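Reader: I would like to learn how to read a ligand site and a covered helix in a model. Could you take me through the features one at a time?

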Amino acid sequence: MTVKIAIIGGTGVYDPEILTDIREEIIATPYGPVKAVIGNYREREIAFMARHGTDHSTPPHLVNYRGNIAALKELEVKNILATAAVGSLNPDMVPGQFVFVDQFLDYTKGRPSTFVEKGVVHLDMTDPYCSRLRGLLTDTARRLALESHGTGVYVCTEGPRFETAAEVRVFRQLGGDLVGMTSVPEVVLAREAEICYAAIAMVTNFAAGISPNKLTHQEVVDVMAQNAANLRQLIMQAVSELDPDEDCPCRHALGEGPLGG
Ligand code: HPA
């Protein structure tokens, strides 16, 4: 059995408690060793990776994104469901709701954000997130009566600080719905690796200047904790319905170019 599905757990999602027969693997990659937990769920092998480490010790700008995606590629993973805590810029997207992100705006600054180190490789990024996985998550959430949005524009900031009120105003004007610190470059690298990738964003707060309170990491963690059971239910139901081998344009993202073929 190969591992065709991976879950990348963001803030508040550190442990794959639903999996059985768990084993830990250290996967060697050109970007250093990466730890993943592999276990079974309904006769499927699933890899789980805690993006910030199991003790949340790695801040968003220092996550080894390339290592993590390279390790999942090494395991031959074909589908990634990634969770992400986000602030909302959109009055219709309220804390506790899920958003299945379909677009991003990249405001990161200093992160290694590509596997490409030579040659002319300009990857199409019109639709960065897998629409097949997004559709599955939207249907699953509806059936489970979980409040969700099937599209949303994720503004990725460098962090680790939260945004200023002025930044949030600009992001809203630019068409952003959500703000977070991790989806880029994770989704870009998954696309370069030709792995289907969906982001399950969980709104934990209204963004700076919209929220009446000063933002704290504790608020984010508390809202994630309140909704942990819903998130787990959503992921596990989606995983059990997913056809991991279904062909998808994401699997051919590189075409016949220097990295693909
Ligand atoms: N800004 C950036 N990242 C976040 C936020 C936010 O308001 N909430 C959760 N992650």
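**The ligand and its surroundings**

Author: The ligand sits in the largest pocket, and, as you read on, please keep in mind that this is a predicted model.

Reader: Which strands supply at least two residues each of the shell around the ligand?

Author: Strand S5 (79-88), strand S10 (178-180) and strand S11 (196-206) each do so, and the largest share, three residues, comes from S5. The residues around the ligand include Ala 85, Val 86 and Gly 87, together with Phe 162, Glu 163, Met 181 and Asn 205.

Reader: Which residue offers an N or O atom of its side chain to a nitrogen atom of the ligand, and at what distance?

Author: A polar contact is a pair of N or O atoms within 3.5 Å, and by that cut-off the side chain of Asn 205 qualifies, with an N or O atom 2.7 Å from a nitrogen atom of the ligand. Backbone atoms take part as well: a polar backbone atom of Ala 85 is 3.3 Å from a ligand nitrogen, and a backbone N or O atom of Gly 87 lies 3.2 Å from a nitrogen atom of the ligand.

Reader: How much of the area that the ligand exposes when taken alone does the protein bury?

Author: The protein buries 95% of it, the ligand alone exposing 260 Å².

**Helix H1**

Reader: Let us turn to the helix: how many of the residues of H1 are buried?

Author: In general, an α-helix has 3.6 residues a turn, so residues three or four places apart point the same way. In this model H1 is mostly covered, with eight of its 10 residues buried, and these are Tyr 65, Arg 66, Gly 67, Asn 68, Ile 69, Ala 70, Ala 71 and Leu 72. Their cover includes strands S1 (5-9), S2 (20-27), S3 (34-41) and S4 (44-50), as well as S5 and helix H4 (183-192). S5 thus appears in the cover of H1 and also in the shell around the ligand.

Reader: Why does Arg 66 count as buried?

Author: Buried means under 20% relative accessible area, and Arg 66 counts as buried because its value is 17%. Arg 66, which belongs to helix H1 (residues 65-74), has a side chain in polar contact with the side chain of Glu 117 at 3.3 Å. Leaving aside residues up to four places away in sequence, Arg 66 touches Tyr 31, Pro 112, Thr 114, Phe 115, Glu 117 and Leu 189.

Reader: Which residue with a positive phi follows H1?

Author: That residue is Glu 76, whose phi is near 70°.

Technical notes
Residues are numbered from 1 along each chain as its sequence is written. This is a predicted model: local features need pLDDT of at least 70, side-chain atom pairs count only at pLDDT 80 or more; totals for chains, interfaces and linings use all residues. Side-chain values use heavy atoms; hydrogens and water are left out. Helices (H or I, at least four residues) and strands (E, at least two) are DSSP runs, numbered from the N terminus. Buried means under 20% relative accessible area, exposed over 50%, partly exposed in between (1.4 Å probe, protein chains only). A polar contact is a pair of N or O atoms within 3.5 Å; within protein, one must be able to donate a hydrogen and the other to accept it, and residues adjacent in sequence count only if both atoms are side-chain atoms. Contact means heavy atoms within 4.5 Å. A residue is near a molecule or strand if one of its heavy atoms lies within 4 Å of it. Accessible areas come from the Shrake-Rupley method with a 1.4 Å probe; for residues, only the protein chains shown count as cover. On a 1 Å grid over the protein atoms alone, a cavity is a set of points where a 1.4 Å probe fits but cannot get out, and a pocket is an open set with protein on both sides within 12 Å along at least five of seven lines; lining residues have an atom within 4 Å of a point. A molecule sits in a cavity or pocket if more than half of its atoms lie within 2 Å of its grid points.
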